[in-house]
Amino acid sequence: MELRQLRYFVTVVEEANFTRAAARLHLAQPGLSAQIRQLEHELGQQLLDRGGRSVTLTEVGAAVLPDARAALAATERITSTVDEFTGLLRGHVRVGCISGAGDEEFDISSVLADFHDDHPQVGISLTEDTSERMLAAVRSGELDIALVGLTGAEISADIGIDVVLDTPVVAAVALGGKKRATITLEQLREHPLICLPRGTGIRGVFDRACAAAGFEPDIAFEAAAPPLLLRLAARGLGIAVVPALTAEEAAAFGVRVLPITEPELHGQLALAWRRDRPGSPAAKVLLGQLRIGLGGR
C-alpha cells in the first residue's frame with residue numbers, strides 16, 4: 001500500500017467519478033483505475049462500487065475512508081513540521097482571484113512576484129473565476145487561497161475570511177438626462193440594468209437586496225469587467241450597478257455616479273482559505289503576505 005494510492009482513493013470518493021478525479025490529479029483515467037484496483041487487491045476488499053452512474057463507497061470503503069484521510073493528514077503535518085523547522089518553503093500554491101483584481105489598488109501580481117523572488121522553489125498558479133466557484137474550490141481543496149467578493153450569504157465555518165475592502169455599490173448613468181442626486185433600490189426596478197454576472201460578490205449583494213424588496217431586476221446586459229459595464233451605461237443602454245468610483249473616474253467613462261439608497265448596498269472583497277485544514281508552509285506564508293499587501297484586517 002502506498003500513500004499515493006490512498007490519495008487517489010480519497011480523490012475518487014470526493015469527486016464520485018473516476019474521470020473527474022483523474023483530471024484533478026493530472027493522471028490518465030485508466031492509470032488511476034488501475035491504481036485503485038491494485039489497492040483493493042492488496043487489501044483483499046472492494047472499496048468502491050462502480051455499478052451506478054456515480055462511484056460510491058462500499059461498506060468496507062466507508063470504514064477505510066476516515067483512516068485514509070487521517071494518514072494523508074499526518075503525512076502533510078510531518079512534511080510541514082520539517083519544512084517549518086528548516087525554514088524551507090517548497091511545493092505549489094494555487095491562488096484564485098476575481099476579474100479585475102490586478103489593478104493598482106489590488107496589485108496581486110506584485111505580491112506574487114515578491115513572494116516568488118523570496119521563495120523561488122515554490123510554484124504558483126493563478127486563476128480567475130467567479131467568487132461563488134472560487135469559494136467552492138477553496139472548500140474542496142482545489143485552491144489554497146482566493147480573493148473573492150462576498151455576497152452576504154452565510155459562509156461555512158471551515159472557510160477563513162479576511163475582508164480587504166468594503167465599498168459602496170452605486171448606480172452609473174449616462175451623462176445628461178434627468179438630474180438626480182441619488183436613486184433608491186425601488187427606482188432601479190423601473191430601468192434596464194447592466195450588472196456583473198451571477199456568482200460575483202456585488203451581483204449577489206444586489207440580487208439578495210432585490211429579492212428582499214420583493215422584485216426581480218431587469219438585467220439587460222452582463223459583463224465580468226466593471227469598465228465594460230460603465231461603457232455600456234455611457235451609451236444609454238441601461239443603468240450599471242458597480243463598485244463605487246470617484247466623480248473623475250466616472251466622467252472619464254462618460255457616466256455620473258448615483259449612490260443607491262433605501263437600502264444602501266456595500267460590496268466586500270475578502271481573502272478566503274480553508275480554516276480547518278493544515279495548509280502548507282508556503283500557502284501560510286503567501287496568505288500572510290497577501291493580507292499585508294492587500295490591506296487585510
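In the predicted model treated here, helices are DSSP runs of H or I with at least four residues, numbered from the N terminus.

**Exercise 1. Backbone around A16**

Locate A16 relative to the numbered helices, and describe its phi and its accessibility.

*Solution.* Begin with the position: A16 lies in the loop that runs between helix 1 (3-15) and helix 2 (18-25). Next, turn to the backbone, where A16 shows a positive phi of about 55 degrees although it is not a glycine. This deserves a remark, because most residues other than glycine have a negative phi. Finally, consider the surface: with a relative accessible area of 22%, A16 is partly exposed, since the buried class requires a value under 20%.

**Exercise 2. The loop between strand 11 and strand 12**

Identify the peptide bond geometry between E262 and P263, and then characterise E262 itself.

*Solution.* First place the residues: P263 is found in the loop between strand 11 (255-261) and strand 12 (266-274), and E262 is found in that loop as well. The peptide bond that joins E262 and P263 is cis, with an omega of about 5 degrees. For E262 there is a further point, namely a positive phi of about 50 degrees although the residue is not a glycine. Both features can be set against the general pattern, in which most peptide bonds are trans and most residues other than glycine have a negative phi. As for the surroundings, E262 is exposed, its relative accessible area being 64%.

**Exercise 3. The two faces of helix 2**

Which residues of helix 2 are buried, what covers them, and what does the opposite face carry?

*Solution.* Start with the list, in which the buried residues of helix 2 are F18, A21, A22 and L25. These residues cover an arc of only 100 degrees around the axis, and they are therefore on the same side of helix 2. The cover over these buried residues includes helix 1, helix 3 (29-43) and strand 1 (48-49). The face turned away from the buried side, by contrast, carries the exposed residues T19 and A23. To complete the description, examine both ends: at the start of helix 2, a side-chain oxygen of N17 reaches to within 2.8 Å of the backbone nitrogen of T19, while helix 2 is followed by H26, whose phi is positive, near 60 degrees.

**Exercise 4. Salt bridges and their accessibility**

Take the salt bridges E2 with R4, R189 with E186, and D207 with R203, and state for each pair the distance between the closest N and O atoms and whether the partners are buried or partly exposed.

*Solution.* The count of salt bridges in the model comes to 14. In the pair of E2 and R4, the closest N and O atoms are 2.5 Å apart; E2 counts as partly exposed at 36% relative accessibility, and R4 is partly exposed at 35%. In the pair of R189 and E186, the corresponding distance is 3.3 Å, with R189 partly exposed at 42% and E186 partly exposed at 41%. In the pair of D207 and R203, the closest N and O atoms are 3.0 Å apart. D207 and R203 are separated by about one helical turn, because they stand 4 residues apart in helix 8 (residues 201-213). Here D207 is buried, with a relative accessible area of 18%, and R203 is buried as well, at 3%. Elsewhere, salt bridges that share partners join E14, E15, R20, R24 and R69 into one network.

Technical notes. Residues are numbered from 1 along each chain as its sequence is written. This is a predicted model: local features need pLDDT of at least 70, side-chain atom pairs count only at pLDDT 80 or more; totals for chains, interfaces and linings use all residues. Side-chain values use heavy atoms; hydrogens and water are left out. Buried means under 20% relative accessible area, exposed over 50%, partly exposed in between (1.4 Å probe, protein chains only). The arc is that of the directions from the helix axis to the C-beta atoms. Contact means heavy atoms within 4.5 Å. A polar contact is a pair of N or O atoms within 3.5 Å; within protein, one must be able to donate a hydrogen and the other to accept it, and residues adjacent in sequence count only if both atoms are side-chain atoms. A salt bridge is a side-chain nitrogen of Lys or Arg within 4 Å of a carboxyl oxygen of Asp or Glu.
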